[in-house]
Amino acid sequence: MLPERGPSTQQILAVVTLLPLGGFLLLVAGLVFAATLIGLAVATPVFVICSPVIVPAALAIGMAVMGFLTSGAFGITALSSLSWMANYIRRTRVGAVVPEQMEHAKRRAQDVAGQVGQKARDVGQAVQGKAQDASRGVQEGVGSRSPGRT
């Protein structure tokens, strides 16, 4: 039988960094959610009294929606980081990553980065070509006008 080993340094660092981060993000998500609900409860009577003022109402509703979305984003980020940490710890306990697998992952990441870079260059050239075509069209349109017409 193999002797039991304690957690590795990487596992300890992952827990020490991600657990407080996940907890903090969950706390921030809850605070943003509560502040959004309180702000909406305070602003609703103002909407009823000042119903002809549509622009501030739309602005406040937009702020409330942004608050809900921000709260959800913080919550999802916190939960996903905690989930990643749990999976990372579980995966590293099963077995260490083989160096060949690490090299394969590096090569794959480099290939994907190269493909993304090439795609970005292609899109940039296409946009540049369209911009040049559009500027030629504008110049031709300006040159064909007669001086007496507007």
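**View 1. Thr-70, a partly exposed residue of helix H2.** Thr-70 has a relative accessibility of 33% and therefore counts as partly exposed (buried means under 20% relative accessible area, exposed over 50%, and partly exposed in between, with a 1.4 Å probe and protein chains only). Thr-70 lies in helix H2; helices (H or I, at least four residues) and strands (E, at least two) are DSSP runs, numbered from the N terminus. Look across to Ala-29 here: the C-alpha atoms of Thr-70 and Ala-29 are 7.4 Å apart in space, with their positions 41 residues apart in sequence. Please keep in mind that this is a predicted model, in which local features need pLDDT of at least 70 and side-chain atom pairs count only at pLDDT 80 or more, while totals for chains, interfaces and linings use all residues. Residues are numbered from 1 along each chain as its sequence is written, and side-chain values use heavy atoms, with hydrogens and water left out.

**View 2. Thr-36, a buried residue of helix H1.** Thr-36 belongs to helix H1 and, at 10% relative accessibility, counts as buried. Leaving aside residues up to four places away in sequence, Thr-36 touches Ala-64, Gly-67 and Phe-68, where contact means heavy atoms within 4.5 Å.

**View 3. Leu-82 and its contacts.** Leu-82 is placed in helix H2, and its 23% relative accessibility makes it partly exposed. Its contacts, not counting residues up to four places away in sequence, are Leu-18, Leu-19, Gly-22 and Leu-26. Leu-21 is another residue to find in this view: its C-alpha lies 8.8 Å from that of Leu-82, although the two are 61 residues apart in sequence.

**View 4. Helix H1 from end to end.** H1 covers residues 9-49, and its 41 residues should span 60 Å at 1.5 Å a residue, which agrees with the 61 Å between its end C-alpha atoms; the expected span is 1.5 Å times one less than the number of residues. Follow H1 to Ala-43 and you meet a kink of about 30°, shortly before the proline Pro-45 (the bend is the angle between axes fitted to the seven residues ending at a residue and the seven starting there). Ala-43 is also one of the buried residues of H1, which include Gln-11, Ala-14, Leu-18, Gly-22 and Leu-25.

**View 5. A nonpolar patch with Met-66.** Ile-61, Val-65, Met-66 and Leu-69 make a nonpolar surface patch of about 390 Å². Met-66 is found in helix H2, which runs over residues 54-94.

**View 6. The chain behind the close-ups.** The protein chain has 3 helices and 0 strands, in the pattern α-α-α along the sequence. Of its 150 residues, 13% are buried. Among contacts with a separation of 6 or more, 91% join residues 24 or more positions apart.

Notes. Patches are made of residues with over 30% relative accessible area and no salt bridge: like charges are joined within 9 Å, nonpolar side chains (Val, Leu, Ile, Met, Phe, Trp, Tyr) within 5 Å. Accessible areas come from the Shrake-Rupley method with a 1.4 Å probe; for residues, only the protein chains shown count as cover. A salt bridge is a side-chain nitrogen of Lys or Arg within 4 Å of a carboxyl oxygen of Asp or Glu.
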